Amino acid sequence: MASPALAPITRQVSGRIAAAGIPRGPEPGQPLAAAVAELPVLDASGRRVPFGALFQERRAIVVFVRHFLCYTCKEYVEDLAKIPKIFLQEASVTLIVIGQSSYHHIEPFCKLTGYCHEIYVDPEREIYKRLGMKRGEEITSAGQSPHIKSNIVSGSFRSLWRAVTGPLFDFQGDPVQQGGTLILGPGHYIHFIHRDRNRLDHKPINSILQLVGVQHVDFTRRPSVIHV
């Protein structure tokens, strides 16, 4: 099946002024800087892979998440896990999640969420910084994410509980770091970028899938299991 052309999406990202001293990062329609493409991410074995190699030869949806104990990221990734691999293959697209913890946390996070697509970590958050990902929570009037099932009280409690009952009290990343979503490749061309303003500002998954010609997914077809 031929890969569908990307829709004109360069205007879908609202302009925001970066805080003093924080790189604004690239915008849609720009190439990814070579210095950023060369920065390493780590896989579940600790193997270093250049960030740009992940999408040099293919189109990729790249989702940067907050820390791995974040309940909103857990529930969002649980829905990413429901995307059938055949849907992505038919559109010649790959799905990649990048976290900011130690690589040792990748396998437990995948078991927790059922996520079976590609996943890496950027423990120093250097790629987050170069892409202009926000730190801190921006208060907005945006509605509830369709992928988040827990409220802030119950979700935060579960995050804290998993932290204190783990082998180390570890939030598995910077708790105030926000993530975002990009569509990249083949090559280093940035087709789309959305920077999360707060923990609930994930881009709806089906809207991302639509941009790359992937079939919509019914995220209500399987009940989400809430892990404590």
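Is Cys70 buried or exposed, and what is its relative accessible area?

**View 1. Two cysteines sit side by side without a bond.** In this predicted model, Cys70 is buried, with a relative accessible area of 2%. Its sulfur lies 3.7 Å from the closest cysteine sulfur, in Cys73, which is too far for a bond because a disulfide needs the two sulfur atoms within 2.5 Å. Cys73 is likewise in no disulfide, its nearest cysteine sulfur being that of Cys70. Cys73 is buried as well, with a relative accessible area of 1%. Across the whole structure the disulfide count is zero.

**View 2. A salt bridge lies within helix α2.** Here we look at Lys74 and Glu78, whose closest N and O atoms are 3.0 Å apart. Both belong to helix α2 (residues 71–80) and are four residues apart, about one turn of the helix. Lys74 counts as buried at 4% relative accessibility, and Glu78 is buried too, at 7%. Further along the chain, Asp79 and Lys82 meet in another salt bridge, at 3.1 Å from N to O; both of these residues are buried.

**View 3. Arg197 and Asp201 form a salt bridge.** The closest N and O atoms of this pair are 3.2 Å apart. How do the partners differ in exposure? Arg197 is partly exposed, with a relative accessible area of 23%, whereas Asp201 is buried, at 9%. Elsewhere, salt bridges that share partners link Arg125, Arg135 and Asp174 into one network. The structure has ten salt bridges in total. As a reminder of the chemistry, side chains of opposite charge can pair when their charged atoms come close.

**View 4. Strands β6 and β7 make a hairpin.** Strand β6 (residues 180–184) runs antiparallel to β7, and five bridges join the two. Gly180 stands opposite Arg195 in β7. Five residues separate the strands, and Gly185 in the turn has a positive phi of about 80 degrees. Six of the six residues of β7 (residues 190–195) are buried, so this strand is largely enclosed by the rest of the structure.

**View 5. Asp43 occupies the loop between β1 and β2.** The loop connects β1 (40–42) with β2 (48–50), and Asp43 counts as buried there, at 13% relative accessibility. A polar atom of the Asp43 side chain lies 2.9 Å from the backbone nitrogen of Arg47. Leaving out residues up to four places away in sequence, Asp43 touches Tyr103, Ile106, Ile119 and Tyr120.

**View 6. Leu80 and Tyr115 touch the most other members of the largest nonpolar core.** This core has 34 residues. At least two of them come from each of β3 (59–64), α2, α3 (85–90), β4 (93–99), α4 (106–113), β5 (118–121) and α7 (205–211). Beyond its neighbours within four places in sequence, Leu80 is in contact with Val63, Leu95, Val97, Tyr115, His117 and Ile205. Another core, of 23 residues, lies apart from this one and includes Ala37, Phe55, Ile127 and Leu131. For context, nonpolar side chains in soluble globular proteins tend to be buried together.

How values were computed: Residues numbered from 1 in each chain as written. Predicted model: local features only at pLDDT ≥ 70, side-chain atom pairs only at ≥ 80, totals over all residues. Heavy atoms only, no water. Salt bridge = Lys/Arg side-chain N within 4 Å of Asp/Glu carboxyl O. Buried < 20%, exposed > 50% of the residue type's maximum accessible area, 1.4 Å probe, protein only. Pairing = 2+ DSSP bridges. Polar contact = N/O pair within 3.5 Å; in protein donor to acceptor, adjacent residues only side chain to side chain. Contact = heavy atoms within 4.5 Å. Core = buried A, V, L, I, M, F, W, Y, C linked by side-chain atoms within 4.5 Å.
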